[in-house]
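Student: I'm new to this one and would like a close look at a single part. Could you walk me through it slowly?

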Amino acid sequence: MTAPAKITSGPRHVACIMDGNGRWAQARGKPRLFGHHAGAQRVKEVVRACPSLGVKYLTIFAFSTENWKRTQAEVAGLMKLFRRYIQAEARELLAEGVRVRFIGDRVQLDPKLVKLMDELELLTSVNDRIHVTVALNYGGRDEIGRATKRLALEVSAGRLDAADVDETTLARFLDTHVLPDPDLVIRTSGEARISNFLLWQSAYAEYEFIDTLWPDFNAACFADAVRRFAARERRFGAVPA
Ligand code: IPE
Ligand code: IPE
Ligand code: MG
């Protein structure tokens, strides 16, 4: 139970709220989707920077459960971008040792996209060099709600005793059950909010709110954030020795 009072090493798991694509495009007089395409190009660069920085797990927020509120054209454009991106990058991700996982509710997604997601997860399941998790139709509250429902079904079926339910039980039902908690959460675009991202898992994450818009966020910005993390003192509620 007792966590170390101080960790000065780098983050093992970094999570990114990739925000600012729309504003980046608008500043150039372009449609918002132009910014989403530019943003998608940055992902590869950040993934490639991970191994040398000691980052084993990278989780990226691609589409939230609230993003359906956007125009039909933007949502459709994003869904098409996700499909294209998976098809275009699958081979390279496999070759570079990336294991890809998706978190979020797949039920509302286009079956064609879900098939590509399932195939990419299976294809890259042999990899262990870097674990990239894409949050797609993901919301922290939605995830906790779905986990609670599954847990309740286990109890009602008699497979789980309600008296044994504690925080570790619930964590086993979350989409992230195989992942460690994030050590560092980065949000680009200057907004200092978490917008329903990894609510449960980020209980003790360090946060970095960075003004740069996501399509301008490069490997150097990522490396700077990772290095700043090393200077932080994590206490996990304890008094430093
Ligand atoms: C983040 O960029 C990408 C998604 C939410 C899909 P935004 O589209 O939110 O860009 P801004 O915040 O409007 O600039
Ligand atoms: C969070 O960004 C979701 C993603 C980056 C996918 P939003 O742009 O949707 O968040 P809000 O609306 O500014 O809080
Ligand atoms: Mg935004």
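Student: Which side chain does the side chain of serine 189 make a polar contact with? Please take me from there into the surroundings.

Tutor: Happy to, and keep in mind that this is a predicted model. The partner is aspartate 19: the two side chains make a polar contact of 2.9 Å. Serine 189 has another such link, since a polar contact of 3.0 Å joins its side chain to that of arginine 23. To find serine 189 on the chain, look at the loop between strand 5 (184-187) and strand 6 (206-209). Is serine 189 buried or exposed? Its relative accessible area is 7%, and anything under 20% counts as buried, so serine 189 is buried.

Now follow those two partners. Both aspartate 19 and arginine 23 are listed among the closest residues to ligand 1, along with Gly22, Arg32 and Arg70. In total, 13 residues surround ligand 1. Sorted by class, that shell has 3 nonpolar, 5 polar and 5 charged residues. Helices do a good part of the work here: helix 1 (21-26), helix 2 (32-53) and helix 3 (72-95) each supply at least two residues of the shell. Helix 1 gives the largest share, with 3 residues.

Let's zoom in on the oxygen atoms of ligand 1. One is 3.1 Å from a polar backbone atom of asparagine 21. With glycine 22 it is again the backbone that takes part, as an N or O atom there lies 2.9 Å from an oxygen atom of ligand 1. Arginine 70 uses its side chain instead, with a polar atom 2.7 Å from an oxygen atom of ligand 1. How much of ligand 1 does the protein bury? Taken alone, ligand 1 exposes 370 Å², and the protein buries 88% of that.

Arginine 70 is a handy signpost, as its side chain also has an N or O atom 3.2 Å from an oxygen atom of ligand 2. Arginine 187 shows a distance of 3.2 Å too, again between a side-chain N or O atom and an oxygen atom of ligand 2. For arginine 193, a polar side-chain atom lies 2.8 Å from an oxygen atom of ligand 2. On its own, ligand 2 exposes 390 Å², of which the protein buries 78%.

Who else is around ligand 2? Besides those three arginines, the shell holds Ile17, Met18, Asp19, Phe61, Ala62, Phe63, Asn67 and Ser195. You'll spot aspartate 19 in that list, the residue whose side chain contacts serine 189. By class, the shell around ligand 2 has 5 nonpolar, 2 polar and 4 charged residues. Strand 2 (residues 57-64) gives the most to this shell, with 3 residues.

So where do the two ligands sit? Ligand 1 is in the largest pocket, and the space taken by ligand 2 is the largest pocket as well.

To put the whole picture together, start at serine 189, buried in its loop. Its side chain reaches aspartate 19 and arginine 23. Those two are among the closest residues to ligand 1, and aspartate 19 is also one of the residues around ligand 2. Try tracing that path on the structure, and then look for arginine 70, with side-chain atoms 2.7 Å from an oxygen atom of ligand 1 and 3.2 Å from an oxygen atom of ligand 2.

Notes: Residues numbered from 1 in each chain as written. Chains lettered and ligands numbered in written order. Predicted model: local features only at pLDDT ≥ 70, side-chain atom pairs only at ≥ 80, totals over all residues. Heavy atoms only, no water. Near = heavy atom within 4 Å. Polar contact = N/O pair within 3.5 Å; in protein donor to acceptor, adjacent residues only side chain to side chain. Areas by Shrake-Rupley, 256 points an atom, 1.4 Å probe, with all protein chains shown as cover. 1 Å grid on protein atoms, 1.4 Å probe; cavity = no way out; pocket = protein on both sides within 12 Å on 5 of 7 lines; lining within 4 Å. Sits in = over half its atoms within 2 Å of the grid points. Helix = DSSP H or I, 4+ residues; strand = E, 2+ residues; numbered from the N terminus. Nonpolar A, V, L, I, M, F, W, Y, C, P; charged D, E, K, R; others polar. Buried < 20%, exposed > 50% of the residue type's maximum accessible area, 1.4 Å probe, protein only.
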